[in-house]
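Open the model in your viewer, switch to cartoon, and keep the selection box handy. We'll go stop by stop.

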Amino acid sequence: MKIKCLLIMSNKEVQKVKIPASSKFIKALIGKNLLKIQVNENTLIITNQNAKTDEFNRIYQGCILFGTFIIVSIKNNKLV
């Protein structure tokens with residue numbers, strides 16, 4: 001199954017992409033140590049908690065996000 005998400009990479013435009021919903025693929029894209037940040041009841045940010053600090057990307061609610069991350073929708077604890 002594929003999911004639609006926003007792919008946010010350092011120093012690049014935000015992209016709408018479809019990716020496989022597997023954690024294996026997401027880890028290959030972002031990094032092995034995934035950190036999930038709940039934005040609201042339907043939205044999740046998935047980032048690498050060990051991203052290099054020289055890859056500044058965004059600030060979200062006082063939290064500095066480094067490296068590549070994705071924003072996905074969730075429903076019933078599943079990525080959609």
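Which residue in β7 does Leu-7 stand opposite? Select Leu-7 and look across: the residue opposite it in β7 is Ile-70.

Before going on, some ground rules. This is a predicted model, where local features need pLDDT of at least 70 and side-chain atom pairs count only at pLDDT 80 or more, while totals for chains, interfaces and linings use all residues. Residues are numbered from 1 along each chain as its sequence is written, and side-chain values use heavy atoms, with hydrogens and water left out.

**The whole chain**

Zoom out and colour by secondary structure. You should find 1 helix and 8 strands, in the order β-β-α-β-β-β-β-β-β along the sequence. Helices (H or I, at least four residues) and strands (E, at least two) are DSSP runs, numbered from the N terminus.

Turn the C-alpha trace along its principal axes and it spans about 35 × 25 × 25 Å. The radius of gyration is 12 Å, which agrees with the value near 12 Å for a compact globule of 80 residues; it is taken over C-alpha atoms, and the globule rule is 2.2 Å times the number of residues to the power 0.38.

Now show the surface. The protein exposes about 5,600 Å², with carbon and sulfur atoms supplying 51% of it. Those areas come from the Shrake-Rupley method with a 1.4 Å probe, and for residues only the protein chains shown count as cover. Of the 80 residues, 35% count as buried (buried is under 20% relative accessible area, exposed over 50%, partly exposed in between; 1.4 Å probe, protein chains only). Among contacts with a separation of 6 or more, 38% come from residues 24 or more positions apart; a contact means heavy atoms within 4.5 Å.

**Around β7**

Select residues 69-75, strand β7. Two strands pair if DSSP finds at least two bridges between them. Here is what to pick up around β7:

- β1 (residues 2-8) pairs with β7 in the antiparallel sense over 3 bridges. Besides the Leu-7 stop, try Leu-6, which stands opposite Ile-71 in β7.
- β4 runs antiparallel to β7, joined by 5 bridges. Label Leu-44 and you'll see Val-72 of β7 opposite.
- β8 (residues 78-79) is antiparallel to β7 as well, with 2 bridges. Lys-75 has Lys-78 in β8 as its bridge partner.

Stay on that last pair for a moment: β7 and β8 make a hairpin with 2 residues between them, and Asn-76 in the turn has a positive phi of about 55°.

**The β1-β2 hairpin**

Go back to β1 and add residues 15-20, strand β2: the two run antiparallel, joined by 6 bridges. Leu-7 turns up again, this time with Gln-15 in β2 as its bridge partner.

Follow the hairpin round through the 6 residues between its strands and stop at Asn-11, in the loop between β1 and β2. Phi is near 60° there, a positive value in a residue other than glycine. Buried or exposed? Asn-11 counts as exposed, at 79% relative accessibility.

**Inside: Thr-47**

Next, select Thr-47 in strand β4 (residues 43-48). Thr-47 is buried, with a relative accessible area of 3%. Ask the viewer for its surroundings, leaving aside neighbours within four places in sequence, and the contacts include Ile-30, Leu-35, Ile-37, Phe-66 and Phe-69. Then draw a C-alpha to C-alpha distance from Thr-47 to Lys-36: 6.5 Å in space, for 11 residues in sequence.

**Outside: Ile-59 and Gln-61**

Bring the surface back and pick Ile-59 in strand β5 (residues 56-60). Ile-59 is exposed, with a relative accessible area of 56%. Add Phe-56 and Ile-64 to the selection: with Ile-59 they form a nonpolar surface patch of about 300 Å² accessible area together. Patches are made of residues with over 30% relative accessible area and no salt bridge, joining like charges within 9 Å and nonpolar side chains (Val, Leu, Ile, Met, Phe, Trp, Tyr) within 5 Å; a salt bridge is a side-chain nitrogen of Lys or Arg within 4 Å of a carboxyl oxygen of Asp or Glu.

Last stop: Gln-61, in the loop between β5 and β6 (63-66). Gln-61 is not a glycine, yet has a positive phi of about 45°. With a relative accessible area of 71%, Gln-61 is exposed.
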